[in-house]
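Colleague: I have this model open at my bench, and I'd like to know what stands behind the words people use for it. Could you take me through them?

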Amino acid sequence: MQTTFNEVQKFLLSGTTAEIAQKLLGKRLCFQTKTGVMTAFIVEAEAYIGPKDQAAHAFQGHRTPKNEPLYHEAGTIYIYQMRTQLLLNLITQKENDPQGVLIRAIQPEKGLTQFQKNREVHQLFELTNGPGKLMQAFGIPKILKGSRLNEGPLSLDLQNFKTPAVIKVSGRIGVPNKGIWTNEPLRYFVAGNPYVSRMRKRDIDSKNYGWQ
DNA sequence: GCTACGATATGCT
DNA sequence: GCATATCGTAGCA
């Protein structure tokens, strides 16, 4: 049984964007490639709260072709390019309510060989512990910007998921000098999971990786 | 056209 | 921790 677009959309409308960012932890991302399917669990996500959020691309209703997908309905994929990296966002809320969740880190499950082929690293945990890194490891193309989840190669699986033992909260990364928005607790991650960005070695739960 | 700059990654100190 | 690589896009002329 596969998750449908309608189910994903319902899920992405089921609370505030901050709540959804939190609920996304442990959910499974699937990417269909020519050679097979690659899957990974979300371990870190940040919420961006629309026009009032100084750190969001839709701050003050800013709207251009570049961030247009932000204004689309829940379940739309928004890919932002920063320098040479791509960043993956899932749109939450209704049409014209530009909110979304930035996927910051994942834990690979199936297709690990393909992940490592796409992105060679010395340390395994370096593979997907950052927003640009995970896009490279997955090999997700920018063309998916503006398309919908579960209708193309990229889908969100709500049936097979893990449950975080402890969810931690912090201010968002890379958001300096933005008043209260710099420290607003809108970043959520699985405590102890080694794939979370900026995770300190001694905080890693090497037994369960932070899962229940 | 030209310029400034960003939700980063990496490598060096 | 801090500099810097390096690229698409917006904003303006």
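**Terms and the values behind them**

Modeller: Gladly! Let's start with DNA strand C: the residues around it are His 62, Thr 64, Pro 65, Lys 66, Gln 81, Arg 83 and Thr 84. Sugar and phosphate make up 67% of the strand C atoms that come within 4 Å of the protein. This is a predicted model, where local features need pLDDT of at least 70, side-chain atom pairs count only at pLDDT 80 or more, and totals for chains, interfaces and linings use all residues. Residues are numbered from 1 along each chain as its sequence is written, chains are lettered from A and ligands numbered from 1 in the order in which they are written, and side-chain values use heavy atoms, with hydrogens and water left out.

Colleague: What makes a residue count as near a strand?

Modeller: One of its heavy atoms has to lie within 4 Å of the strand. For DNA strand B, 18 residues are around it, and His 57, Arg 83, Asn 89, Gly 132 and Lys 133 come nearest.

Colleague: How do you know that Asn 89 has a polar contact with a base of DNA strand B?

Modeller: A polar contact is a pair of N or O atoms within 3.5 Å; within protein, one must be able to donate a hydrogen and the other to accept it, and residues adjacent in sequence count only if both atoms are side-chain atoms. An N or O atom in the side chain of Asn 89 is 2.3 Å from a base nitrogen of DNA strand B, so the pair meets the cut-off. His 57 has a polar side-chain atom 2.7 Å from a base nitrogen of that strand.

Colleague: What does Arg 83 reach on each strand?

Modeller: On DNA strand B, its side chain has an N or O atom 2.7 Å from a base oxygen. On DNA strand C, a polar side-chain atom of Arg 83 lies 2.5 Å from a base nitrogen. Elsewhere on strand C, a phosphate oxygen is 3.2 Å from an N or O atom in the side chain of Thr 64, and a phosphate oxygen is 3.1 Å from a polar backbone atom of Lys 66.

Colleague: Why is Glu 46 called buried?

Modeller: Buried means under 20% relative accessible area, exposed over 50% and partly exposed in between, using a 1.4 Å probe and protein chains only. Glu 46 has 0%, so it is buried. A polar atom of the Glu 46 side chain lies 2.9 Å from the backbone nitrogen of Ile 173.

Colleague: And why is Asp 157 called buried?

Modeller: Its relative accessible area is 8%, so the term applies to Asp 157 too. Its side chain joins that of Asn 160 in a polar contact of 2.7 Å, and a polar atom of the Asp 157 side chain lies 2.8 Å from the backbone nitrogen of Gln 159.

Colleague: What makes a group of residues a nonpolar core?

Modeller: They are buried Ala, Val, Leu, Ile, Met, Phe, Trp, Tyr and Cys residues joined through side-chain atoms within 4.5 Å. The largest has 49 residues, and Leu 24, Leu 29, Ile 103, Phe 138, Leu 154 and Leu 156 touch the most other members. A second, separate core of 12 residues includes Ala 55, Tyr 71, Tyr 78 and Leu 87.
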